[in-house]
Amino acid sequence: MPMEEKSPPAGKPDKEKTTKTKNEKPPLSRHEVESLKRSIEKHIVYSIAKDAVGANKYDFYNAVAYAIRDLLIERWLKTQSAYYHMKAKRVYYLSMEFLIGRTFGNSLINMGLYDTCHQALHELGYDLEEIREVEWDAGLGNGGLGRLAACFLDSLATMELPSYGYGIHYEYGIFYQRIVDGGQVEIPDNWLRYGNPWEFVRPEHIFPVKFYGSVNQRRDEEGVIRSEWVDAEELMAVACDTPIPGYDNNHVINMRLWAARATREFDLKYFNEGDYIRAMESKMVSESISKVLYPSDHLAEGRELRLKQQYFLVSATLQDIIRRYEKHEKEFDNFPDKVAVQLNDTHPALAIAEFMRVLVDKKSVDWDKAWGITVRTFGYTNHTLLPEALEKWSVSLFERVLPRHLQIIYEINHRFLQEVARRFPGDLDRLGRMSLIEEGGEKKVRMAHLAIVGSHSVNGVSELHSNLLKTQLFKDFDELFPGRFNNKTNGITPRRWLKKCNQGLAGLITREIGDGWAKDLYQLKRLVPLAEDKAFRAEWRAVKQANKVRLAAYIKWKNRLEVDIDSMFDSQVKRMHEYKRQLLNLLHAVTMYNRIRKNPGGDFTPRAVIFGGKAAPAYWIAKLIIKLINSVADVVNNNKDVGGRLKVVFLHNYKVSLAEKIMPATDLSEQISTAGKEASGTGNMKFALNGALTIGTLDGANIEIMEEVGKENIFIFGLNAVEVADLKGRGYNPWDYYNRNAELKEVLDMIGGGYFSPFQHDLFRPIVASLLEHGDPYLLLADYQAYVECQDRVSAAFKDHESWTRMSILNTANMGKFSSDNTIREYAEKIWGVHPVHVE
């Protein structure tokens, strides 16, 4: 298990330039500083059991965390009390991922204690930034889905909405990514190795969760068939709570994560017989459910574990929600008036079948009435347009693991298809397309269909995505349920993604326009006139340069590579997937390499092309692309003719805290997915908020970013979603593009011919084969020339520092729409029907 790797000390922005303010900060309260110091010192002694002399920086991190947590707890308890006193309707956000990153700095920012803590630690002989680096990133997510959920929790708390986040307490996250010989190697991410001071384990909130078994059916005294799930195996779900503070208020919400515990910790009979492994077997099998996020599903055992994880989440969560509801309500008629449940993608869709099981089997609610309550309670957010990413579970697996739920899904499907047949008589093809059960070959349960049928609202996450859901992917459902589909464009929290991660820029902005933008991002519009101010542009560049110095120091430390801080920092950091087209970015990097080699005296705009991201363990082609990136980097970075004009960098183990270093330093943001494939993206928003310019396709939220910042302040290239569909419909032949583009042909021949793998010439041929022999499904070759030409425009624009800075300022200034506060406000008003609860 690797130790968490901490950043080296690096240069900081010129304080004279970034903190001289028109909107002066209020002076620090000596009382608050002294009070915090006393609390830290108390926790060193009474919580850590050390004295100041023997305590190290890890001890001080924990002591400071406990001191801040003390302040959180009072607000947290008052918030929960206010919910009960107001009898407020509450929203429950169910997600398999919450990629919250580090909690310490975010809590300080939101509670208004950052400067106080900085001063208190300074007086105790420690640097806040050094202490912050001790904290591990929470291993609770992987990509945009989990980061969106984390941003939403921040906004829910900031907007004082009565709410809870529910997920799984993964012991080892997804994995820690090492790069060995250029390739990805996965090892456990033991993020809890040193404990988690922000977490409260709640053994009093423990719920049984069942699997397997069989179903008995009988008729009750009124002749109604009743079902009972019997002979099931059982494990326990234990609540682990983390308080999430709102910004500049007293509202603290709860993120409750479930940890799996065995009902039988230890079998003494087997132990006394010398069978020590079997004595622990039940515990190990039961607790595997909350060990790892997304166990590999290329094996049957992995698929079964994933299904069990999803049911584990929804079963424990619904038991908790119902427990809370029944404190004040005995009947379920008013349940949708007190409870809103939002499903973050299809992973928690089982909640619909589970809630029906509880209502019908446990609470004896009539089926039709129970179904009406269920539909009014649930909302579903879809996050993908990729058919292969829409979860389907084999009927045979469902029948073995969750036998009663399969019966319920069959009954839902039977009644649903009767309704479809009434509305569209004789349309048998439509029945097959809309059925919750996929026929043909192995029967499968379509979880997205279950989520749509069982929810009163289905939303996409960008205008394009939502439109494609209605007109293509789920067209039949939109025709059946007019008005059910809607759009809620994703957003990001400006507290973490500007105020915390880019304090130099946040300070400059606050000096000019005040700090109201942190809660009302539209206030950034007031920066627009300043884009014409030459002195302000110089200060803006100075902040960016300081951020690049910090990232360059990190790259030197991690990759033993020096990058020119005056070069363009060109970044693509996100989950590794073919549709996100990291490979297209790399093809351009090799093209630039070839141009420099052939014309070493030419006038080239220097670049550092920065990659980061994890590939799923079983996604072999994505892992091979990581290997190729590093192999290209080895060649390019060691070519003396290229020198400092081009560097290729892969930063391993991409995570939230690393993103917080990369995004403030980036000049160019790569958002180059195949049009019609990316639901929204939020990395595009984070980069633009930090002043990076975007090169991208007309995909996901790129379109809305272009509309906000103006076409002249973004670099758009390539086919749009309609043109992609048209080209594929006419018959796309990637060989045509290969044969008529000399630069493209040279690049692919180099990759396929062993130029970057001299000791194994055919190593990267599968990548070239995916483009030429297997149809290039994500149209890299079709977009290559447009991409290269657009990158040439980017290079020319970067040389004009004044113009580039002006565009950078205008990007930041026009990001108001993309605050997650705005997104959550729309959910609250148009889907959930929840209202703020103010905490004094």
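Helices and strands are here DSSP runs, of at least four residues for a helix and at least two for a strand, numbered from the N terminus. The model they are drawn from is a predicted one, and the elements named below serve as landmarks for its enclosed spaces and for one of its sheets.

Helix H4 (104-111), helix H7 (144-158) and strand S8 (233-245) are a useful place to start, since each of them supplies at least two residues to the lining of the largest cavity. Among these contributors, helix H7 gives the most, with 4 residues. The lining comprises 13 residues in total, and those that lie nearest the centre of the cavity are Ile100, Asn106, Ala150, Ile244 and Arg496. In chemical character the lining is mixed, dividing into 5 nonpolar, 4 polar and 4 charged residues, and the space held within the cavity is about 160 Å³. The structure as a whole holds 7 cavities of 30 Å³ or more.

The second largest cavity, with about 90 Å³ of space, is formed by another set of residues: its lining consists of Glu578, Arg581, Leu583, Ile621, Ile625, Ile767, Ser770, Leu771, Asp776, Pro777, Tyr778 and Leu780. Two elements give two or more residues to this lining, namely helix H24 (620-637) and helix H31 (765-772), and the largest share, 3 residues, comes from helix H31. Here the lining divides into 8 nonpolar residues, 1 polar residue and 3 charged residues.

Turning from cavities to strands, the reader can find an open sheet of 3 strands in the order S12-S14-S13, with antiparallel pairing. Strand S12 (392-394) and strand S13 (437-438) stand at its edges, and because each has a single partner strand, one side of each is left without a neighbour in the sheet. Strands of a sheet pair through backbone hydrogen bonds, either parallel or antiparallel. Strand S13 and strand S14 (residues 444-446) run antiparallel and are joined by 2 bridges, and within this pairing isoleucine 437 has valine 445 of strand S14 as its bridge partner.

The cysteines offer a last point to examine. If a disulfide is taken to be a pair of cysteine sulfur atoms within 2.5 Å, the count for this model comes to 0 disulfides. Burial can be assessed for individual cysteines as well, with a residue called buried when its relative accessible area is under 20%. Cysteine 240 has a relative accessibility of 3% and therefore counts as buried, and cysteine 790, at 0%, likewise counts as buried.

Key: Residues numbered from 1 in each chain as written. Predicted model: local features only at pLDDT ≥ 70, side-chain atom pairs only at ≥ 80, totals over all residues. Heavy atoms only, no water. Pairing = 2+ DSSP bridges. Buried < 20%, exposed > 50% of the residue type's maximum accessible area, 1.4 Å probe, protein only. 1 Å grid on protein atoms, 1.4 Å probe; cavity = no way out; pocket = protein on both sides within 12 Å on 5 of 7 lines; lining within 4 Å. Points joined across faces, edges and corners; volume = space filled by probe spheres on them. Nonpolar A, V, L, I, M, F, W, Y, C, P; charged D, E, K, R; others polar.
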